[in-house]
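Student: I have a model open and would like to work through it by question and answer. Please keep each reply short and end it on the item I asked for.

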Amino acid sequence: MPDWLALYYDDPIEITHGEGRHVWDSDGNRYLDFFGGILTTMTAHALPEVTKAVSEQAGRIIHSSTLYLNRPMVELAERIAQLSGIPDARVFFTTSGTEANDTALLLATTYRRSNTILAMRNSYHGRSFSAVGITGNRGWSPTSLSPLQTLYVHGAVRSRGPFAHLDDDAFIAACVDDLKDLLGHTRPPAALIAEPIQGVGGFTSPPDGLYAAFRDVLHERGILWIADEVQTGWGRTGDHFWGWQAHARSGPPDIVTFAKGIGNGMSIGGVVARAEIMNCLDANSISTFGGTQITMAAGLANLTYLLEHDLQGNARRVGGLLIERLRAVAAQVPAVREVRGRGLMIGVELARPGTGEADPQAASAVLEACRADGLLIGKGGGHDTSALRIAPPLTLTVAEAEEGAAILERALRSIP
Ligand code: PLP
């Protein structure tokens with residue numbers, strides 16, 4: 001099996017069903033799910049409100065294509081446009097985060113008449129030819145042939161790179177200087193694409209305000225800012241509804257891409273942009289499966305639930321407790337180099353005690369130990385996969401956070 005086929009566990013798990021924050025495998029084992037379908041299960045597994053909306057919609061019509069209007073699509077688009085913070089916003093639905101980013105790249109390169117893209121080091125933007133081509137995380141970018149010219153920018157990872165030793169303000173200033181220097185030596189790029197908190201890269205983030213400072217530099221030169229909110233949207237980070245809001249000083253991005261959590265597992269992706277950008281294409285553009293009734297019905301029910309139950313607030317409160325609890329464990333376990341993140345998007349970086357070298361074997365061992373103890377978590381990272389990723393559904397209770405933290409603590413303490 002090639003290494004890049006990312007199947008977890010020596011003996012892969014076959015999931016049969018789920019409820020709330022739990023899933024079951026084909027051997028009848030029950031797991032607390034701290035990875036929520038790779039951040040897609042935003043509210044809960046088998047949430048009755050979403051299940052009912054999906055089954056009622058299936059009884060009426062599943063799909064009629066974006067050649068025709070349908071009520072759930074229009075309603076969801078209106079709500080996302082309003083939540084986006086982008087003035088005069090338009091929404092285009094796709095079926096995945098990859099396709100959303102491809103669409104954003106298509107819009108930005110067409111609008112700006114440039115095929116140069118700025119992307120962040122260590123980033124991940126999907127697995128189409130364009131998205132993989134601009135992805136900065138080499139572990140996820142198996143081609144060096146890209147249809148776009150991509151230049152990689154410093155700053156998404158606070159603890160690595162040439163500016164890691166600086167304090168936050170000096171770090172931002174150095175990254176901005178570096179960006180200006182890069183822009184002085186290249187053809188004018190179409191856009192900068194960035195994840196506010198890197199997902200696959202191991203839940204790493206820059207100091208708050210970095211992208212606001214970048215935005216000022218970009219906008220002076222007419223370059224667009226694309227926020228890839230595929231992992232960070234919908235309140236997951238607790239403090240904000242969108243990840244970019246940690247950088248909001250100078251206003252919203254020009255384009256936001258989303259996917260994952262909005263459908264609670266249904267395949268919804270999309271792009272939000274001002275009308276002027278969205279309308280720059282002079283050819284027809286449809287996505288056969290984008291905006292299909294069944295996924296839109298799921299998205300509406302899911303979004304309604306997460307707003308009405310203040311799941312962003314729950315992510316802040318329960319995520320805050322979990323981060324505190326894991327930091328207390330980290331203080332006693334030398335193999336844990338850092339606990340980072342925000343809300344219910346928490347990264348635990350593992351390193352070899354003494355040398356400080358990244359330790360992907362330890363990450364795999366912790367994953368296996370957690371599984372044996374009834375907990376599913378994720379892993380990720382840059383050059384190596386040495387970070388644990390914790391991203392449960394946002395309905396996580398304090399008791400469940402405690403239960404998961406206790407399992408993680410046992411697993412971390414068992415690292416030889
Ligand atoms: N962008 C980010 C930040 C992601 O994390 C991912 C997937 O993990 C994608 C884009 C691609 O999304 P999808 O897997 O839905 O195509």
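Student: Which residue of E12 is the bridge partner of Arg340?
Tutor: This is a predicted model, so read each reply with that in mind. E11 covers residues 336–342, and strand E12 covers residues 345–350. The two strands pair in the antiparallel sense over six bridges. In E12, the partner of Arg340 is Gly347.

Student: Which residue in the hairpin of E11 and E12 takes a positive phi?
Tutor: The hairpin has two residues between its strands. One residue there has a phi near 55°, and that residue is Gly343.

Student: Is strand E11 mostly covered or mostly open, and how many of its residues are buried?
Tutor: A residue counts as buried if 20 or more other C-beta atoms lie within 10 Å of its own. By that criterion strand E11 is mostly covered. Of its seven residues, the number buried is six.

Student: In what order do the four strands of the open sheet lie?
Tutor: The pairing in this sheet is mixed. Its edge strands, which each pair on one side only, are E1 (15–19) and E13 (375–376). The order is E1-E2-E3-E13.

Student: Which residue of E2 is the bridge partner of His17?
Tutor: E1 and E2 run antiparallel and are joined by four bridges. Their hairpin has two residues between the strands, and Gly20 takes a positive phi near 65° there. The E2 partner of His17 is Trp24.

Student: Which residue in E3 stands opposite His22?
Tutor: Strand E2 (residues 22–25) and strand E3 (residues 30–33) run antiparallel. Three bridges join them. Opposite His22 stands Leu32.

Student: Which helix gives the largest share of the shell around the ligand?
Tutor: The shell holds 15 residues, and the closest are Ser96, Gly97, Thr98, Gly126 and Val230. By class it has four nonpolar, nine polar and two charged residues. The largest share is three residues, from residues 97–112, that is, helix H4.

Student: Is Arg113 buried or exposed?
Tutor: Arg113 is found in the loop between H4 and strand E5 (116–120). Its phi is near 55°, a positive value in a residue other than glycine. Because it has 9 other C-beta atoms within 10 Å, and the limit for this class is 12 or fewer, Arg113 is exposed.

Student: Is Asn264 buried or exposed?
Tutor: Asn264 also has a positive phi, near 50°, and is not a glycine. It is found in the loop between strand E9 (255–258) and strand E10 (269–274). Because 30 C-beta neighbours lie inside 10 Å, Asn264 counts as buried.

Student: Which residues is Gly299 in contact with, leaving aside neighbours within four places in sequence?
Tutor: Gly299 lies in helix H9. With 28 other C-beta atoms within 10 Å, Gly299 is buried. The C-alpha atoms of Gly299 and Gln82, 217 residues apart along the chain, are separated by 15 Å. The contacts of Gly299 are Leu76, Ile262, Gly263, Met266 and Ile268.

Student: Which helix contributes the largest share of the largest nonpolar core?
Tutor: In soluble globular proteins, nonpolar side chains tend to be buried together. Here the largest nonpolar core has 116 residues, and Ala108, Ala191, Leu192, Ile226, Ile255 and Ile346 touch the most other members. The largest share of this core, nine residues, comes from residues 293–308, helix H9.

Student: Which residues does Ile226 touch, not counting residues up to four places away in sequence?
Tutor: Ile226 is one of the core residues that touch the most other members. Its list of contacts also includes Pro253, Asp254 and Thr257. In full, Ile226 touches Ala104, Ala108, Ala191, Leu192, Ile193, Pro253, Asp254, Ile255 and Thr257.

Student: What radius of gyration does the chain have?
Tutor: The chain has 12 helices and 15 strands, and buried residues make up 54% of its 416 residues. Its C-alpha atoms fill a box of roughly 60 × 55 × 40 Å, taken along the principal axes. A compact globule with 416 residues would have a radius of gyration near 22 Å, and the value for the chain agrees: 21 Å.

Note on methods
Residues numbered from 1 in each chain as written. Predicted model: local features only at pLDDT ≥ 70, side-chain atom pairs only at ≥ 80, totals over all residues. Pairing = 2+ DSSP bridges. Near = placed C-beta within 6 Å. Nonpolar A, V, L, I, M, F, W, Y, C, P; charged D, E, K, R; others polar. Rg over C-alpha atoms; globule rule 2.2 N^0.38 Å. Core = buried A, V, L, I, M, F, W, Y, C linked by C-beta atoms within 7 Å. Contact = placed C-beta atoms within 7 Å.
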